[in-house]
Amino acid sequence: MARKQSDYLAALLADEPAEIDTGAPPAPPAPERTRGTTLLNRETALARVTSGEVRQVTQLLLDPARVRIWPGNARSYQHLTEKGCRELIDSIIAEGGQKVPAVVRRVNGDPAHDFEVIAGTRRHWSISWLRAHSYPEMQFVAQVANLDDEAAFRLADLENRARKDVSDLERARNYAEALKAHYGNHLTRMAERLKVSKGWLSKMVKVAQIPDVVITAFASPADVQLKPAYALAQALDDKVAAKAIQSAARDLAREQAARRDRGAPPYPPADVLRRLLEVSNDLADAAPPFTWTTPHGRPGLSIQSSNRQGVTIRLHAGSGAGNDELVDALRQALVHLEAAGRGLQR
């Protein structure tokens, strides 16, 4: 991330403008005729800092072992790898150190850590890896921000939006947790604070509900993308379909593991999704068998289909049944659906 963007992120949630200490060499002496003005400007700048109108941001050189990762960040630290961070690691080595500072905040009551990372998880992982692999002198560069949890979440989210390596599933689950933790489950308020569409945010929260047993059907959680995963999350609303999808997901997970063991490529995400949704579609088309017949053996009422959109009932012509008999038959059909787990309240 460019320095300008880093500086912008650090100052984004502040109430006052910030002056960034970049560590650049001092400017050459001013001409004699301007020294009085320069001195006045320095006195004015010092007064602005003293009054709190301007904040000076200091960059710290930290031991990454003394810095923990804030759990409110969407990025999954345990899934970071040398391969995934290789470009950043090479850049740090080439530049002689980390050039773009992370954003951290101080922690209290934790004897093992002094700070926690709000933005810059990959930088923390990369510096830690380098210190363990022939670069023990590497320091974690960070600037300290005074942020509450909600502001920290917004800052981390802003940085992660530009990161392609933060999966939709990671962000979706991060949003679902933040919705409860910071916004009292008020979706509209959260959307306004993040400046995103309420409809889009609603879909993200829905995708977060996909259980881990279904996610294991995919070769990687990163394969779970918002648009196709939203259709899967909707299919899981049906209790009967959810059981079948989870069973199919377990089978797929075993198949994926077998393919990995023999060196074969995993199933593509589109194929996994298709197979899972096919299970749901097959169940939606199949209705629990039920036919009510008259005392004379003629069909009077039967269930044609039952899915998330509703139940289709057929009243057979020429059965000879009266209205009261058909009403009673309908009650029996509804009881049958409920017993099969496909009632209208599912």
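## Overall composition

Of the 346 residues in the protein, 39% are buried. The structure is a predicted model, and its secondary structure comprises 13 helices and 10 strands. Among contacts between residues at least 6 apart in sequence, 67% join residues at least 24 apart.

## Confidence of the prediction

The mean pLDDT of the protein is 83, and 79% of the residues reach 70 or more. Confidence is lowest in strand 1 (residues 18-20), where the mean is 45, and highest in helix 8, where it is 96. The pLDDT is below 50 over residues 14-24, a stretch that nevertheless has 19 contacts in the model beyond near neighbours in sequence.

## Packing of helix 8 against helices 6 and 7

Helix 8 (residues 198-207) packs against helix 7 (residues 187-194) at an angle of about 115 degrees, and the two axes are 9 Å apart. Because angles of 65 to 115 degrees count as roughly perpendicular, helix 7 and helix 8 are assigned to that class. Their crossing is right-handed. On the helix 7 side, the participants are L187, T188, M190 and A191; these meet K198, L201, S202 and V205 of helix 8. By class, this contact consists of five nonpolar, two polar and one charged residues.

The axes of helix 6 (168-183) and helix 8 come within 7 Å and cross at roughly 100 degrees. This pair is therefore also roughly perpendicular. Helix 6 contributes D168, L169, R171, A172, Y175, A176 and L179, while helix 8 contributes W200, L201, M204, V205 and V207. The contact of helix 6 with helix 8 has 10 nonpolar residues, two charged residues and no polar ones. L201 and V205 of helix 8 take part in the contact with helix 7 and also in the contact with helix 6.

## The loop between helix 5 and helix 6, and H182

V166 is located in the loop between helix 5 and helix 6. With a relative accessible area of 5%, V166 falls under the 20% limit and is therefore buried. V166 and R75 are 91 residues apart in sequence, yet their C-alpha atoms are 6.0 Å apart in space. Not counting residues up to four places away in sequence, V166 touches A74, R75, N160 and R171. One of these partners, R171, is also among the helix 6 residues in the contact with helix 8.

S167 lies in the loop between helix 5 (149-160) and helix 6 as well. Its relative accessibility of 8% places S167 in the buried class. Beyond neighbours within four places in sequence, the contacts of S167 are with P221 and A222.

H182 belongs to helix 6. This residue counts as buried because its relative accessibility, 19%, is under the 20% limit. Apart from neighbours within four places in sequence, H182 is in contact with D149, E150, F153 and R189.

## L60 in strand 3

L60 is part of strand 3 (residues 59-62). At 24% relative accessibility, L60 is classed as partly exposed, since that class covers values between the 20% limit for buried and the 50% limit for exposed residues.

The C-alpha atoms of L60 and V141 are 5.7 Å apart in space, although the two residues are 81 apart in sequence. V141 is one of the residues that L60 touches when those up to four places away in sequence are not counted; the others are F115, F140, A142 and V144. The range of strand 7 is 140-144.

## Residues with positive phi

Most residues other than glycine have a negative phi. S134 has a positive value, near 80 degrees, and is not a glycine. S134 is situated in the loop between helix 4 (121-132) and strand 7. With 68% relative accessibility, S134 counts as exposed.

K195, likewise not a glycine, has a positive phi of about 60 degrees. K195 is placed in the loop between helix 7 and helix 8, the pair whose axes are 9 Å apart. Its relative accessible area is 72%, so K195 is exposed.

Methods
Residues numbered from 1 in each chain as written. Predicted model: local features only at pLDDT ≥ 70, side-chain atom pairs only at ≥ 80, totals over all residues. Heavy atoms only, no water. Helix = DSSP H or I, 4+ residues; strand = E, 2+ residues; numbered from the N terminus. Buried < 20%, exposed > 50% of the residue type's maximum accessible area, 1.4 Å probe, protein only. Contact = heavy atoms within 4.5 Å. Axes fitted to C-alpha atoms, helices over the stretch in contact; angles between N-to-C directions. Parallel < 35°, antiparallel > 145°, perpendicular 65-115°, else oblique. Left-handed = near helix turned anticlockwise from the far one by under 90°. Nonpolar A, V, L, I, M, F, W, Y, C, P; charged D, E, K, R; others polar. pLDDT = per-residue confidence, 0-100.
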